[in-house]
Amino acid sequence: MDRDEIRKALDRHWAASDANDFDVEHDIYREDALLEYPQSGERIKGRHNIQASRAAQPNAKRFEVRRIVGTGDLWVTEFILAYDGRPTYAVSVMEFLDGKVAHETQYFADPFEPGPSRARWVERMA
């Protein structure tokens, strides 16, 4: 896959994720894909298991992609994942092999109040 094809596949993946279209969302993965969540210590092996684990999530979820960057077989998506309206900032690192995701690692961070020690240098983001 070339750069444009991977970018289109990522755009489809994240749009399907936001729409809870689990079949289209998981088209991007190889059958033997590996998904890791380092913060919880979880590893999920296989496209089917990745899809089943996400479909079992009871919370209403929404995805807002902030940016996608990548080249070759390594792509990073920065996004906001909201479960039941509560935002979590997330990063997905995807490694492609033969046009499909072979390995993905996702990192999550909850919002926090800004530190007062740096207030004079800070511009608040929307």
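**A walk through the pockets, helix 3 and a buried histidine**

Start with the second largest pocket, which has 20 residues in its lining, and Tyr 37, Leu 81, Tyr 83, Gln 106 and Phe 108 are the ones nearest its centre. Several elements each supply two or more residues to that lining: helix 1 (3-18), strand 2 (42-45), helix 3, strand 3 (61-71), strand 4 (74-83) and strand 6 (100-109). Helix 1 is the biggest contributor to the lining of the second largest pocket, with three residues. In chemical terms, the lining of the second largest pocket splits into seven nonpolar, eight polar and five charged residues. The space inside the second largest pocket comes to about 430 Å³. Bear in mind as you look around that this is a predicted model.

Now zoom out for the overall layout. The protein has three helices and six strands, and if you read along the sequence they come in the pattern α-α-β-β-α-β-β-β-β. The C-alpha trace spans about 50 × 35 × 25 Å along its principal axes. Of the 126 residues in the protein, 34% are buried. Take the contacts between residues at least 6 apart in sequence: 41% of them join residues at least 24 apart.

What about the largest pocket? Its volume is about 500 Å³. It is lined by 15 residues, and those closest to its centre are Tyr 89, Pro 111, Phe 112, Arg 124 and Met 125. The lining of the largest pocket is made up of nine nonpolar residues and six charged ones, with no polar residues. Set that beside the second largest pocket, where eight of the lining residues are polar.

Next, go to helix 3, one of the elements that line the second largest pocket. Which residues of helix 3 are buried? They are Arg 47, Ile 50, Gln 51 and Arg 54. These residues sit on the same side of helix 3, because they cover an arc of only 95 degrees around the axis. The general background is that an α-helix has 3.6 residues a turn, so residues three or four places apart point the same way. As for what lies against them, the buried residues of helix 3 pack against helix 1, helix 2, strand 1 (29-37), strand 2 and strand 6.

Two of these buried residues deserve a visit of their own. Arg 54 belongs to helix 3, which runs over residues 47-55. Is Arg 54 buried or exposed? It counts as buried because its relative accessibility is 10%, and the cut-off for buried is under 20%. Once you set aside neighbours within four places in sequence, the contacts of Arg 54 are His 13, Phe 22, Glu 25, His 26, Tyr 29, Leu 35, Tyr 37, Glu 104 and Gln 106. Two names there should look familiar, since Tyr 37 and Gln 106 are among the residues nearest the centre of the second largest pocket. Gln 51 is also in helix 3, and it is buried, with a relative accessible area of 15%. Not counting residues up to four places away in sequence, Gln 51 touches Phe 22, Asp 23 and His 26. Phe 22 and His 26 also turn up in the contacts of Arg 54.

From there, move over to strand 6, where you'll find His 103. His 103 is buried, at 18% relative accessible area. Leaving out residues up to four places away in sequence, His 103 touches Leu 34, Glu 36, Val 93, Met 94 and Glu 95. With Glu 36 there is also a side-chain link: a polar contact of 2.8 Å joins it to His 103. His 103 and Lys 45 are 58 residues apart in sequence, and their C-alpha atoms are 9.5 Å apart in space.

Finish with two loop residues and their backbone angles. Asn 20 has a phi near 60 degrees, which is a positive value in a residue other than glycine. You'll find Asn 20 in the loop between helix 1 and helix 2 (22-25), and at 36% relative accessibility it counts as partly exposed. Asp 84 likewise has a positive phi without being a glycine, with a value near 50 degrees. Asp 84 is in the loop between strand 4 and strand 5 (86-97). Its relative accessible area is 53%, so Asp 84 is exposed.

Definitions and conventions:
Residues numbered from 1 in each chain as written. Predicted model: local features only at pLDDT ≥ 70, side-chain atom pairs only at ≥ 80, totals over all residues. Heavy atoms only, no water. Helix = DSSP H or I, 4+ residues; strand = E, 2+ residues; numbered from the N terminus. Buried < 20%, exposed > 50% of the residue type's maximum accessible area, 1.4 Å probe, protein only. Contact = heavy atoms within 4.5 Å. 1 Å grid on protein atoms, 1.4 Å probe; cavity = no way out; pocket = protein on both sides within 12 Å on 5 of 7 lines; lining within 4 Å. Points joined across faces, edges and corners; volume = space filled by probe spheres on them. Nonpolar A, V, L, I, M, F, W, Y, C, P; charged D, E, K, R; others polar. Polar contact = N/O pair within 3.5 Å; in protein donor to acceptor, adjacent residues only side chain to side chain. Arc of directions from axis to C-beta.
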